[in-house]
Amino acid sequence: MAYEDFKNKFITNNKIKFKLYSLEYIVEQKDNYVEIYAINYEKRKQQYISLDDLVNNYTVYNEPIISQFNRVIVIE
């Protein structure tokens, strides 16, 4: 999936659910920040200023999400 498609879906719904490797993640727009968490680990929520900041700084297996976008599968 291309990052621009992902971003457009997020902007439209203010929420997106995707799968990366074996975990499913939810990204949600809150009041002044964007929040991400793995569904299996809901207590480990992290907040970022924007979606761009999130995909560039949130890491999965020590790699930022932006560098792994070819593995991202959007569920909702």
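## Exercises on a sheet and a pocket

β2 and β5 (59-60) each supply at least two residues to the lining of the largest pocket; strands are DSSP E runs of at least two residues, numbered from the N terminus. This is a predicted model, in which local features need pLDDT of at least 70, side-chain atom pairs count only at pLDDT 80 or more, and totals for chains, interfaces and linings use all residues. Residues are numbered from 1 along each chain as its sequence is written, and side-chain values use heavy atoms, with hydrogens and water left out.

**Exercise 1.** Work out which strands stand at the edges of the sheet.

*Solution.* Start with the order: the open sheet of five strands reads β4-β3-β2-β1-β7, with antiparallel pairing (two strands pair if DSSP finds at least two bridges between them). Next, look at the ends: β4 (46-48) and β7 (73-74) each have a single partner strand, so one side of each is left without a neighbour in the sheet.

**Exercise 2.** Follow β3 (34-38) through its pairings and decide how far β3 is covered.

*Solution.* First, β2 and β3 pair over five bridges in the antiparallel sense, and a hairpin joins them through four residues. Here Y25 has A38 as its bridge partner. On to β4: three bridges join β3 to this antiparallel strand, and V34 stands opposite Y48. Now the faces. In a regular strand the side chains alternate between the two faces of the sheet. V34, I36 and A38 on one side and E35 and Y37 on the other are all buried, meaning under 20% relative accessible area. Both faces of β3 are thus covered.

Terms used
Contact means heavy atoms within 4.5 Å. Axes are lines fitted to C-alpha atoms, for helices over the stretch in contact, and angles run from 0 to 180 degrees between N-to-C directions. Buried means under 20% relative accessible area, exposed over 50%, partly exposed in between (1.4 Å probe, protein chains only).
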